[in-house]
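Q: I would like to learn how to read the features of a model. Can we take them one at a time?

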Amino acid sequence: MAVVDTSKVISAGNHLEASLIDTTTEQQRDAVIYEYIDKAANSPDKVYVPDFKDGLEWLNTTQPISMYNDLHGKIVVLDFFTYCCINCMHVLPDLEAVEEQFSVEDGVVIIGVHSAKFPNEKTSANILSAVLRYDICHPVVNDHDATLWQLLEIQCWPSFVIVGPEGDILLILAGEGNREKLMDFIRIAVDCYKAKGLLSNHSVSVAPIKDSLPPTPLSFPGKITLDSTGENLVVSDSGHHRILLMTKAGVVKECIGGDSSGFNDGSFEEARFHSPQGIACHEDIIYVADTDNHAIRQIDLVSRQVTTIIGTGVIGNDKEGGAIGRLQPISSPWDLVLGSSPGSDHVDMLYIAMAGTHQIWIYFMDDANWLKGSHYKKGSCLRFAGSGNEENRNNSYPHKASFAQPSGLCIATEEKFNCLYVADSESSSVRTISLKDGATKGVVGGAMDPMDLFAFGDVDGKAMEAKLQHPLDVAWNKHDEKVYVADSYNHKIKFIDPRKRMCTTLLGSGNAGLRDDAESVEFNEPGGLCVNQCGKLLYVADTNNHCIRLVNLETKQVSQLKVVFPKSFNLTQQDSSVGIGSGGGSRKKTRLTPVSTPITKQDVLYVCPGTTIQVQMKLQLTPDLALTPGAPTGWQVLLDSDEANALVPDTQRTRGKITSMEHQPLITLQVPELLSGCETALKVECMLYFCEKTGNCHMKGIVFEIPISVGEKTDETQSTSVSLLKEVSV
């Protein structure tokens, strides 16, 4: 099949971008986009997207999908991605925002086109794990040979190709940071094609796999460490969006967070995380890299409170830093390790693997001196090493070095080492940063060319002769002076002798699986490691196997840790039966707001069976405030009783996101006959994220309660409406 010439589409898109720069109002912007789409719809020189190749494997659908049979009459967003890519992860909330606002029935469909970078990513089973881990619900096709990528001459991950209802390519958006363009373009395209009668409301065979999977105690555990006593394990149960503190025997002692994602501070029960990864423990504090919330959180085991210490909850693009605590935006922190500033005799700093900006950052826990005589105040957060370019570049000057999605950290404080070890995942290498002067050096893996991020493989050897495939963690063992590596995409555990720069496989057949046999041990994309205090036991977060593995470093015997939630444990929303497939069944969802949130009561609503109730949310921000762009502002109907469930039809969405104060939810209720003579109430909640013009950002929970008194049935069809009004200020 011939390559499709998309040059005209790209040129038109560039012209559209230039035209939008000159607009000053939303109306002008909408008019420019409408004119662009209308012209494209009527063009005699349309460029059509090729159909998907026969025989490809599909996920989240009951059957293969055809662009011209199943998707005719739909506006289609093709998301070209590869699941290792941090930038691809960053655009998933953009796609979720589209799905929240436009349904398949509205005429909009998203298709993920997985085009692998690494050989490991070409396997559908591994893509399935990523689809579940990232909670992707739209159809995904495994284009393992990147056929469509090549035909359309796609240049980078991620890329969006927006296709019209007749299969013509309308726009190509490359890279991340295009949410506003995407949302505006889809919104106006729906209006334009609906007016032309070209959109269809037919269904598409979407069937999220997560709804059919069995529960597991752990879901995609990302990282593991020992607490400060050395007697307990701390696990980031990433797929369940929670942190578990457990004994070495696997008995859960504390469960912090819930099975649903969110960005809430508060008690262990109220707090919410979003795909947390790295964890570090100091005294009674657990520090958490809350990856998809772009924040660092602090768990106080004494007060049993979770607080945010760095980040706004929204992805940042700052590559310098220097602000204090929550005023400093960050991007996809992936791992953490504690350290001491020069001359300090105690822990006073936190190193952060900032995967989203390809850098290593520092958080100062106290006032401290730093390199070259600099001094920083408590709470300061800034870059330590890395230019922000995605490269494998070593340099004597830390700011001139470059990393490629650093995902794992460990520290060797012994004088002859005195460095950080970095699992630099996208360059498939392990590197060091000197704690004396910040100089970076390669240890094993990678290539001579700092721009070459494809120097991967599975080869034991010395320095660059050794090859890794997307390593996600490193662990230092001071007893044998070796660095243990989670060579994630090779499904192996390896170790490095840093003085010889020699990398050797410890365990793993190279096949993804779950086997403890001495001769053929199998892992499945292990993502986290830690060594016990005596250096004889290695704990492995075996991510895609949803379990913790124990490796005896002396005998090389492997066993699985059984995670147990005691019957006396208060599980509420977080029980061990909630697993990777917990999306189906009950309509009851985890609260967005803390249970202590004040309730705003409405007047009693007097209705009768058969009445339609329209509930319109009308929140208002004071003029000095604005919604935090990209933050997870959301609403939800609290289905906390049988009566509340009965009021909400199955066709009514019970939760969603608010991306604009001009587009707030309208909830339609229907009073059934079974509630005749009942007194009940319905609660609607909202977690609002907003910022002042000064840059200070806040989050506030709001809960409305609508008392409802249901009388006897009448023959008349009735309807009524309720407005949930509230002005929000600081």
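The dialogue below goes through salt bridges, a helix, the nonpolar cores and the strands.

Q: What kind of model is this, and which residues count?
A: It is a predicted model: local features need pLDDT of at least 70, side-chain atom pairs count only at pLDDT 80 or more, and totals for chains, interfaces and linings use all residues. Residues are numbered from 1 along each chain as its sequence is written, and side-chain values use heavy atoms, with hydrogens and water left out.

Q: How many salt bridges are there?
A: Start with the rule. A salt bridge is a side-chain nitrogen of Lys or Arg within 4 Å of a carboxyl oxygen of Asp or Glu. The count here comes to 34.

Q: Which residue forms a salt bridge with Lys117, and where do the two lie?
A: The partner is Glu426, with the closest N and O atoms 3.1 Å apart. To place them, use the DSSP runs: helices are H or I of at least four residues, strands are E of at least two, and both are numbered from the N terminus. Lys117 is in the loop between strand 3 (108-114) and helix 5 (124-133). Glu426 is in the loop between strand 24 (419-424) and strand 25 (429-434). The pair links distant parts of the chain, 309 residues apart.

Q: Is each of these two residues buried or exposed?
A: Buried means under 20% relative accessible area, exposed over 50%, and partly exposed in between (1.4 Å probe, protein chains only). Lys117 counts as buried at 8%. Glu426 is buried too, at 5%.

Q: What does the salt bridge of Glu481 and Lys416 tie together?
A: Their side chains meet at 2.8 Å, N to O. Glu481 lies in the loop between strand 28 (473-477) and strand 29 (482-487), and Lys416 in the loop between strand 23 (406-412) and strand 24, so the pair ties together parts 65 residues apart in sequence. Glu481 is buried at 16%, whereas Lys416 is exposed at 54%.

Q: What is the accessibility of Asp517 and Arg515?
A: Asp517 is partly exposed at 40%. Arg515 is partly exposed at 36%. They form a salt bridge, with the closest N and O atoms 2.7 Å apart.

Q: Which residues are linked in a network of salt bridges?
A: Arg29, Asp30, Asp184 and Arg187.

Q: How do I read the length of helix 7?
A: Compare the span with the expected one, which is 1.5 Å times one less than the number of residues. Helix 7 (residues 179-195) has 17 residues and reaches 24 Å from its first C-alpha to its last, close to the 24 Å expected. Just after helix 7, Gly197 takes a positive phi of about 75°.

Q: Which residues of helix 7 are buried?
A: The general idea comes from the turn. An α-helix has 3.6 residues a turn, so residues three or four places apart point the same way. In helix 7 the buried residues include Leu182, Phe185, Ile186, Ala189 and Tyr193. Asp184 and Arg187 are also buried.

Q: What does helix 7 give to the largest nonpolar core?
A: A nonpolar core is a set of buried Ala, Val, Leu, Ile, Met, Phe, Trp, Tyr and Cys residues joined through side-chain atoms within 4.5 Å. The largest core has 51 residues. Its largest share, nine residues, comes from helix 7. Among the members that touch the most others are Leu182, Phe185, Ile186 and Tyr193. A second, separate core of 34 residues includes Leu647, Ile658, Leu669 and Val710.

Q: Which strands make up the open sheet, and in what order?
A: Strands of a sheet pair through backbone hydrogen bonds, either parallel or antiparallel. Two strands pair if DSSP finds at least two bridges between them. The open sheet has five strands in the order 27-31-30-29-28, with antiparallel pairing. Strand 27 (461-462) and strand 28 stand at the edges, each with a single partner strand, so one side of each is left without a neighbour in the sheet. Strand 29 and strand 30 (residues 492-497) pair over five bridges. Ala486 stands opposite Ile493 in strand 30.

Q: Where is Val483, and what does it contact?
A: Val483 is in strand 29 and is buried at 1%. Contact means heavy atoms within 4.5 Å. Leaving aside neighbours within four places in sequence, the contacts of Val483 include Tyr421, Trp476 and Phe495.
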